[in-house]
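Please look over the sequence and the three-dimensional model below before reading on. The paragraphs that follow are meant to be read with both in view.

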Amino acid sequence: MKHELVDLLIIGAGPAGMSAAVEARLHGLTVLVLDEQPTPGGQIYRNIRTTDARRLELLGSDYQAGLALTETFIHCGAQYVSSASVWWVAEDKQVHYLVNGQAHIAQPRRLLIATGAYERPMPIPGWTPPGVMTAGAGQILLKNAALLPAGPVVLAGCGPLLYLLAVQYLRAGVELTALVDTSSHIDVFRVWKKVPGALRGWRDLLKGVSLLVTLWRAGIKHYRGARDLRVEGTERACALSFRQGETAHRIASDLILLHQGVVPNTQISWSLRLEHHWDHSQLCWSTDRDSWGETSRPGIFIAGDGGGIGGAAAARVQGRIAALGLARQLQKLDDAAVERNAARLKRALRQQLAARPLIDALYRPPQESRIPEDEVIVCRCEEVSAGDVRRYVDLGCLGPNQTKAFGRCGMGPCQGRLCGLSVTEVIAQRRQVSPAQVGYYHIRPPIKPITLGQLAGESISHVSKESA
């Protein structure tokens with residue numbers, strides 16, 4: 001089948017992907033955007049174009065800010081394919097994806113990965129029974145279908161999303177039994193040296209303070225410095241127990257939402273064997289990239305939280321910067337025009353990332369909820385415990401990929417997304433080396449499930465004349 005090369009293919013229609021598409025179209029690039037969701041917006045602006053006025057009010061101004069960008073993206077002239085599941089990206093940037101059960105191939109001149117982030121797993125005792133969810137899952141249900149908890153809920157862990165969801169639930173009239181916070185006031189004093197630099201990002205800090213003030217005024221029980229978190233119940237969750245200082249607490253609840261921050265979605269970048277590094281401040285893997293977002297493989301760029309956590313506003317700017325770099329490579333803009341356009345964006349990005357070191361330090365997940373005790377399941381798909389992983393190490397296992405041979409760890413439907421970071425840190429602790437020495441899973445296609453029938457019917461996509 002005859003096909004036409006597209007200048008730029010973007011994987012992901014979140015803040016970074018949409019901003020990159022808009023900027024690229026301004027400079028005459030043909031753009032194809034693939035996204036898993038049925039509507040654009042990513043996780044942060046999920047369902048923004050079809051939500052109702054009530055949900056807009058509940059979800060707040062940061063969510064509403066995505067509406068203008070989403071509308072601009074829809075009308076920018078990029079070819080947008082929704083409900084597209086990317087299952088393989090080849091070294092030559094060829095992208096294989098599924099839409100409605102049909103497999104397709106697209107060949108871009110340049111590739112931008114804008115797959116965003118997902119929630120860091122929080123493997124504490126009892127985190128697997130019904131009645132335990134992530135805070136992100138709770139927010140997705142609210143954004144997608146206006147679904148709210150019918151009864152009291154306990155939020156536990158750390159990070160800004162925990163406070164944001166708590167306030168959104170308050171606005172919706174949901175009963176919050178307690179907020180069990182693993183961060184504490186002492187953490188502020190521990191990282192006081194980071195405060196002056198963070199003041200350049202005062203707007204982000206003010207938003208966080210505003211959320212906390214709202215919870216305080218509502219009289220929500222807020223337990224700080226919580227340790228030894230454990231969900232009780234066998235058939236389903238019935239309570240959360242924890243320790244605050246020397247005092248033991250037990251809060252009855254049949255719905256417990258856990259959260260301890262988000263981490264980059266690096267499945268595609270790992271599958272491409274791009275260079276990564278262990279980020280000690282964010283306790284996760286980040287992809288190496290230059291100031292334009294280009295990775296260790298020429299022509300492949302990453303923008304937004306998929307390369308390192310910076311938030312939605314930073315992702316939008318990173319998407320535009322990457323598009324400028326791409327336009328220069330494809331000779332749509334000369335060096336002077338690119339530098340002139342990028343200077344203001346790079347200043348804005350520095351300001352938007354100014355508060356990030358302080359946020360990372362304040363909401364650093366405690367070791368006990370990242371590197372659990374032996375009895376705690378780390379790989380939920382294959383029911384592999386932390387103790388199992390330690391025994392593999394004692395038998396000679398050196399890294400996560402070898403755990404697949406020892407006990408199928410990381411081989412389930414999630415392909416290591418839920419257990420990867422935990423397994424890396426458990427092995428590093430047992431071997432008494434750094435996570436960087438341990439490494440990560442070798443991610444291989446298919447990144448997402450595909451049947452043999454779908455593979456046999458794979459066809460070549462092309463750019464329509466309208467979008468070109």
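What follows is a walk through the salt bridges, the surface patches, the cysteines and one loop glycine of this model.

The model is a predicted one, and a search of the whole structure finds 19 salt bridges. Side chains of opposite charge can pair when their charged atoms come close. One such pair is formed by aspartate 62 and lysine 207, whose side chains meet at 3.0 Å, N to O. Because aspartate 62 lies in helix α3 (residues 61-64) and lysine 207 in helix α9, this pair ties together parts that are 145 residues apart in sequence. Both partners are partly exposed, aspartate 62 with a relative accessibility of 41% and lysine 207 with 40%.

A salt bridge between glutamate 232 and arginine 250 has an N to O distance of 2.8 Å. Here glutamate 232 belongs to strand β13 (residues 226-232) and arginine 250 to strand β15 (residues 247-252), so the pair ties together parts that are 18 residues apart in sequence. Glutamate 232 is partly exposed, at 23% relative accessible area. In the bridge between aspartate 52 and arginine 55, at 3.3 Å from N to O, the aspartate is partly exposed at 33%, whereas arginine 55 is buried at 9%. Salt bridges also link Arg328, Asp335 and Glu339 in a network.

Turning to the surface, Arg200, Arg344, Arg347 and Arg350 form a positive patch. Within this patch, arginine 344 sits in helix α12 (residues 335-352) and is partly exposed, with 47% relative accessibility. A nonpolar surface patch consists of Val209, Val213 and Trp216, which together have about 330 Å² of accessible area. Tryptophan 216 is part of helix α9 (residues 202-217) and counts as exposed, with a relative accessible area of 68%.

How many disulfides does the structure hold? There are zero, and the cysteine distances show why for two of the residues concerned. The sulfur of cysteine 409 has its closest cysteine sulfur in cysteine 379, at 4.3 Å, which is too far for a bond, given that a disulfide requires the two sulfur atoms to be within 2.5 Å. For cysteine 158 the closest cysteine sulfur, that of cysteine 284, is 13 Å away, again too far for a bond. Cysteine 158 is buried at 0% relative accessibility, and cysteine 409 is likewise buried at 0%.

Finally, glycine 42 lies in the loop between β2 (31-34) and α2 (53-59), where this glycine is buried, with 9% relative accessibility. Its C-alpha atom is separated by 30 Å from that of glycine 126, which is 84 residues apart from glycine 42 along the chain.

Methods
Residues numbered from 1 in each chain as written. Predicted model: local features only at pLDDT ≥ 70, side-chain atom pairs only at ≥ 80, totals over all residues. Heavy atoms only, no water. Buried < 20%, exposed > 50% of the residue type's maximum accessible area, 1.4 Å probe, protein only. Patch = residues over 30% accessible without salt bridge, like charges linked within 9 Å, V, L, I, M, F, W, Y side chains within 5 Å. Areas by Shrake-Rupley, 256 points an atom, 1.4 Å probe, with all protein chains shown as cover. Salt bridge = Lys/Arg side-chain N within 4 Å of Asp/Glu carboxyl O. Lys, Arg positive; Asp, Glu negative; His and termini not counted. Charge placed at Lys NZ, Arg CZ, Asp CG, Glu CD. Helix = DSSP H or I, 4+ residues; strand = E, 2+ residues; numbered from the N terminus.
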